[in-house]
Amino acid sequence: MGFLSSVLLALVAAITPVTPPPAGGVADYQLGGAYRPAAKVEIVVRDRTEQPAPGVYSVCYVNAFQTQPGSLRWWKKHHPGLLLRDRKGRVVRDPGWPDEVLLDLRSARKRTVAAGVVRRWFADCADRGFRAVEPDNLDSWTRSKGLLKGSQAKAFAKRLVLAAHAEGLAIAQKNTPQLNGRRLGFDFAIAEECEVYRECGRYTRLYGRRVIEVEYTDNGRRAFLRACKARGSRISVLLRDRDVVPRGAPGHRYRTC
């Protein structure tokens, strides 16, 4: 993307109407598989490979800073230079999700190419009726063995914000409370386990009631109860099983305040 293309994208983003999710709306987090949301649900988050939920505000999950599980062969074929490698030439994997490889965002050229890939995904989300996107792993630089910098993540995030807004999509800051997502242009936040780690105030100070808080059953049952008492009347707080499996599958858990 050259200078003129960047300016044009910014102008399109500035004039395209964007609608954030309803403030405090009841949300469901369906990344492990789509299912019919409960009648009270107003916001549903689904993977980009799924269809949006009919009749509710739908958010499209996109793994924007790392490769999606099962997609490494595609990246090696089409964009091998965008895979982060250490000094020995080995791809750098997320230690918590070893089937995900970090993207190399160290140069403006690589960020431009990577943003072009992600924007096509955003456009597909918009074409199918999603209203917003959730680009995951904004904090990948913290797991990069010192190869990536926070400034590079912020530069890439700004490109993603422009791309989302140009497609008429709102865009969420996913986790990463050490960054001021408002300054980067994010419209709302999706915060995992912020009560467990005592970080929720960082999000609500930036986004007010437009925060979706997700706690998990394996370590956050008590945190969920605390969160409901502290914020449940103002923002969306939900409890999910760690694998976010569909309703009817073993281990499925979903609860709201």
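Here are a few worked exercises on the sheet and helices of this predicted model.

**Exercise 1. Work out the strand order of the open sheet and find its edge strands.**

Step 1: Walk across the sheet. Its 9 strands come in the order β1-β2-β3-β6-β7-β8-β9-β10-β11, and the pairing is mixed.

Step 2: Look for strands that pair on one side only. Those are β1 (27-30) and β11, the edge strands.

Step 3: Check the twist. From one strand to the next, it averages 25°.

**Exercise 2. Pick out the sense of pairing between β2 and β3, plus a bridge that shows the register.**

Step 1: Take strand β2 (residues 43-47) and strand β3 (residues 57-63). They run parallel, with 5 bridges between them.

Step 2: Now pin down the register. Start at Arg46, and you land on Cys60 as its bridge partner in β3.

**Exercise 3. Describe the surroundings of β10: its neighbours on each side, and whether its residues are buried or exposed.**

Step 1: Start with β9 (residues 211-216). This strand is parallel to β10, and 5 bridges link the two. One partnership to look at is Glu215 with Leu239 of β10.

Step 2: Trace the connection. After β9 the chain goes through helix α7 (residues 221-231) and on into β10, giving a right-handed β-α-β crossover.

Step 3: Turn to β11 (residues 254-256). Here the pairing with β10 is antiparallel, over 3 bridges, and Leu238 has Thr256 of β11 as its bridge partner.

Step 4: Apply the burial cut-off, under 20% relative accessible area. In β10 (residues 236-240), 5 of 5 residues are buried.

Step 5: Sort the side chains by direction. Ser236, Leu238 and Arg240 point one way, Val237 and Leu239 point the other way, and all are buried.

**Exercise 4. Characterise how α3 and α4 pack, and place each helix on the sheet.**

Step 1: Decide what to report. Packed helices are described by the angle and the distance between their axes.

Step 2: Read off both values. The axes of α3 (residues 108-127) and α4 (residues 150-166) come within 9 Å and cross at roughly 35°. That crossing is right-handed.

Step 3: Find the residues involved. On α3 they include Ala115, Val118 and Phe122, while α4 brings in Phe156, Leu160 and Ala163, among others. By type, the contact residues split into 11 nonpolar, 2 polar and 3 charged.

Step 4: Put the helices on the sheet. α3 lies across β3, β6 (132-136) and β7 (170-174), at about 160° to β3. As for α4, this helix lies across β6 and β7, at about 150° to β7.

How values were computed: Residues are numbered from 1 along each chain as its sequence is written. This is a predicted model: local features need pLDDT of at least 70, side-chain atom pairs count only at pLDDT 80 or more; totals for chains, interfaces and linings use all residues. Side-chain values use heavy atoms; hydrogens and water are left out. Buried means under 20% relative accessible area, exposed over 50%, partly exposed in between (1.4 Å probe, protein chains only). Helices (H or I, at least four residues) and strands (E, at least two) are DSSP runs, numbered from the N terminus. Two strands pair if DSSP finds at least two bridges between them. A crossover is right-handed if, with the strands pointing away from the viewer, the path from the first strand over the helix to the second runs clockwise. Axes are lines fitted to C-alpha atoms, for helices over the stretch in contact, and angles run from 0 to 180 degrees between N-to-C directions. A crossing is left-handed if the near helix is turned anticlockwise from the far one by less than a right angle, and right-handed if clockwise. Contact means heavy atoms within 4.5 Å. Ala, Val, Leu, Ile, Met, Phe, Trp, Tyr, Cys and Pro count as nonpolar, Asp, Glu, Lys and Arg as charged, and the others, Gly among them, as polar.
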